[in-house]
Amino acid sequence: MLHVLKFSSEDCGTCHRMSHYDAAVCDELGCTFVSVMLQDTDLYRRYRKVLLTQYPNKEGMGWPTYLVVSDPEGEFTIHGELRGGMPKGDFRSRLSALLPG
């Protein structure tokens with residue numbers, strides 16, 4: 001099972017707009033969706049190691065940043081990423097391209 005970790009901020013308008021469809025698209029594609037708001041310190045700490053593997057100093061991150069990950073709580077593997085805002089159709093097609101099969 002692949003997980004899609006969305007790293008975002010409460011202050012990000014693009015993150016908020018995408019929240020109207022990103023979880024539903026992940027569900028349609030068979031992924032577990034986890035929204036990690038940087039202001040939610042407990043949840044952020046839980047997935048921080050995944051984010052810092054891809055962005056050691058957070059340079060180059062987009063808002064939002066989606067990481068496609070297997071086993072995010074254990075010996076995780078990052079399978080791909082999406083950064084920044086995009087329409088629902090683009091999000092679906094770009095996420096689908098990162099998934100196996």
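**Exercise 1. Work out what share of the residues of this protein counts as buried, and how its overall size compares with that of a compact globule.**

Solution. Of the 101 residues, 41% count as buried, where buried means under 20% relative accessible area, exposed means over 50%, and partly exposed lies in between, with a 1.4 Å probe and protein chains only. The structure is a predicted model, in which local features need pLDDT of at least 70 and side-chain atom pairs count only at pLDDT 80 or more, while totals for chains, interfaces and linings use all residues. Residues are numbered from 1 along each chain as its sequence is written, and side-chain values use heavy atoms, with hydrogens and water left out.

For the size, take the radius of gyration over C-alpha atoms and the globule rule of 2.2 Å times the number of residues to the power 0.38. With 101 residues, a compact globule would have a radius near 13 Å, and the protein has 12 Å, which agrees. The C-alpha atoms fill a box of roughly 30 × 30 × 20 Å along the principal axes.

**Exercise 2. List the secondary structure elements in order, and then describe how the strands are arranged in the sheet.**

Solution. Begin with the elements, which are DSSP runs numbered from the N terminus, helices being H or I with at least four residues and strands being E with at least two. The protein has four helices and four strands, and from the N terminus on they run β-α-α-β-α-β-β-α.

Next, look for pairing, which requires that DSSP finds at least two bridges between two strands. The four strands form an open sheet in the order 2-1-3-4, with mixed pairing. Its edge strands are strand 2 (32-37) and strand 4 (77-83), each of which pairs on one side only. Strand 3 (residues 65-70) pairs with strand 4 in the antiparallel sense over six bridges, and Leu67 stands opposite Glu81 in strand 4.

Finally, add a helix: helix 3 (residues 41-54) packs on the sheet and touches strand 1, strand 2, strand 3 and strand 4, where contact means heavy atoms within 4.5 Å.

**Exercise 3. Explain why the ring pair of Tyr66 and Phe91 is called tilted, and which parts of the chain this pair ties together.**

Solution. Rings of Phe, Tyr and Trp (its six-membered ring) pair if their centres lie within 6.5 Å, and planes under 30 degrees apart count as stacked, over 60 as edge-to-face and the rest as tilted. The structure holds two aromatic pairs. In the pair of Tyr66 and Phe91, the ring centres are 4.8 Å apart and the planes stand at 55 degrees, so the pair is tilted. Because Tyr66 lies in strand 3 and Phe91 in helix 4, the pair ties together parts that are 25 residues apart in sequence. Tyr66 is buried at 1% relative accessibility, and Phe91 is buried at 0%. Together with Tyr21, these residues form one aromatic cluster.

**Exercise 4. Find the residues with the most contacts inside the largest nonpolar core, and name the elements that give two or more residues to this core.**

Solution. A nonpolar core is a set of buried Ala, Val, Leu, Ile, Met, Phe, Trp, Tyr and Cys residues joined through side-chain atoms within 4.5 Å. The largest one has 14 residues, and Val4, Phe91 and Leu95 have the most contacts inside it. Strand 1, helix 2 (22-28), strand 3 and helix 4 each give two or more residues to this core. A second, separate core has 13 residues, including Val36, Leu43, Tyr55 and Val69.

Conventions: Axes are lines fitted to C-alpha atoms, for helices over the stretch in contact, and angles run from 0 to 180 degrees between N-to-C directions.
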